[in-house]
Amino acid sequence: MDAITTVQELDRKRIRAMIARDADSLYALLADDLFYIHASSAKDNKHSLIHALLSGALIYKVIDLSEVESRDLGDQVILIGKARVTVLASGQRSDSFERFSSCWVRRDDRWQMLGWQSTLLAD
């Protein structure tokens, strides 16, 4: 399987794990030095993101990606596209359309997500 296909499959698994709040899968899929920039501009690292999911402070209901483009840069794969996201953050529901970019890196023969950044799109 080529790098892009592998990363796209792993990203779908990451999305399912975030919605299910599956910490074991997320610990494997997210790099220890992850940076995760939400569309709200809040920033998380691997541990704070997983903690927010497990505590219920952050509950993803929908993460639906579209128009995804991929770039294979050797030991990195970049994904860019659009996302429709429904999340409960501190009990407040938010429905948004976002433009995102994510970076996956191959280290020690495995792929992990190193970064995510999203920006709100106008309605």
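Reader: Let's start with R14: in which element is its place?
Author: The place of R14 is in helix 1, and I should say at once that this is a predicted model, so everything below describes that prediction.

Reader: Is R14 buried or exposed?
Author: R14 is buried, because its relative accessible area is 0% and the cut-off for buried is under 20%.

Reader: Which residues does R14 touch, leaving out those up to four places away in sequence?
Author: With those sequence neighbours left out, R14 touches L26, L29, L30, Y36, W104, M113 and W116.

Reader: Y36 turns up there, so what does Y36 stand opposite in strand 6?
Author: In strand 6, Y36 stands opposite W116, and W116 is itself among the residues that R14 touches. Y36 also has a bridge partner in strand 2, namely D44.

Reader: And what do F35 and I37 face in strand 6?
Author: The bridge partner of F35 in strand 6 is G115, while I37 stands opposite Q117 in that strand.

Reader: In which sense do strand 1 and strand 6 pair, and over how many bridges?
Author: Strand 1 and strand 6 pair in the parallel sense, and four bridges make up that pairing. Strand 1 and strand 2, by contrast, run antiparallel and are joined by two bridges.

Reader: What about strand 5 and strand 6, how many bridges there?
Author: Strand 5 and strand 6 run antiparallel, with ten bridges joining them, and one of the facing pairs is R107 opposite R110 in strand 6.

Reader: Zooming out, what is the order of the strands in the sheet?
Author: The sheet is open and has six strands in the order 2-1-6-5-4-3, with mixed pairing. Strand 2, which covers 43-44, and strand 3 are at the edges; each has a single partner strand, so one side of each is left without a neighbour in the sheet.

Reader: Changing topic to backbone angles: which residue takes a positive phi in the hairpin of strand 1 and strand 2?
Author: That is S41, whose phi is positive and near 85 degrees, in a hairpin with five residues between the strands. In the hairpin of strand 5 and strand 6, which has two residues between the strands, D108 takes a positive phi near 50 degrees.

Reader: Where is R21 found, and what is its phi?
Author: R21 is found in the loop between helix 1 and helix 2, and although R21 is not a glycine, its phi is positive, at about 55 degrees. R21 counts as partly exposed, because its relative accessibility is 33%, which falls between the cut-offs of 20% and 50%.

Reader: And E67, where does that lie, and is it buried or exposed?
Author: E67 lies in strand 3 and is exposed, with a relative accessible area of 53%. E67 has a positive phi of about 50 degrees, again without being a glycine.

Reader: Back to the interior: which residues of the largest nonpolar core touch the most other members?
Author: The core has 29 residues, and those touching the most other members are M18, Y36, L49, Y60 and W104. At least two core residues come from each of several elements, including helix 1, helix 3 and strand 5. Helix 1 gives the largest share, six residues.

Reader: Why would nonpolar side chains gather like that?
Author: I can offer only a general tendency: in soluble globular proteins, nonpolar side chains tend to be buried together.

Reader: What does M18 touch beyond four places in sequence?
Author: Beyond that range, M18 touches L26, Y36, L49, L53, Y60 and I63.

Reader: What volume does the largest pocket have, and which residues lie nearest its centre?
Author: The largest pocket has a volume of about 390 Å³, and of the 23 residues that line it, H38, S40, L58, Y60 and V87 lie nearest its centre. Strand 3, strand 4, strand 5 and strand 6 are the elements that give two or more residues to the lining, and the largest share, four residues, comes from strand 5.

Reader: How does that lining divide by class?
Author: By class, the lining has 13 nonpolar, seven polar and three charged residues.

Reader: Last one: is L73 buried or exposed?
Author: L73, whose place is in the loop between strand 3 and strand 4, is exposed, because its relative accessible area is 54% and exposed means over 50%. From C-alpha to C-alpha, L73 and F35 are 19 Å apart in space, and they are 38 residues apart in sequence.

Conventions: Residues numbered from 1 in each chain as written. Predicted model: local features only at pLDDT ≥ 70, side-chain atom pairs only at ≥ 80, totals over all residues. Heavy atoms only, no water. Core = buried A, V, L, I, M, F, W, Y, C linked by side-chain atoms within 4.5 Å. Buried < 20%, exposed > 50% of the residue type's maximum accessible area, 1.4 Å probe, protein only. Contact = heavy atoms within 4.5 Å. 1 Å grid on protein atoms, 1.4 Å probe; cavity = no way out; pocket = protein on both sides within 12 Å on 5 of 7 lines; lining within 4 Å. Points joined across faces, edges and corners; volume = space filled by probe spheres on them. Nonpolar A, V, L, I, M, F, W, Y, C, P; charged D, E, K, R; others polar. Pairing = 2+ DSSP bridges.
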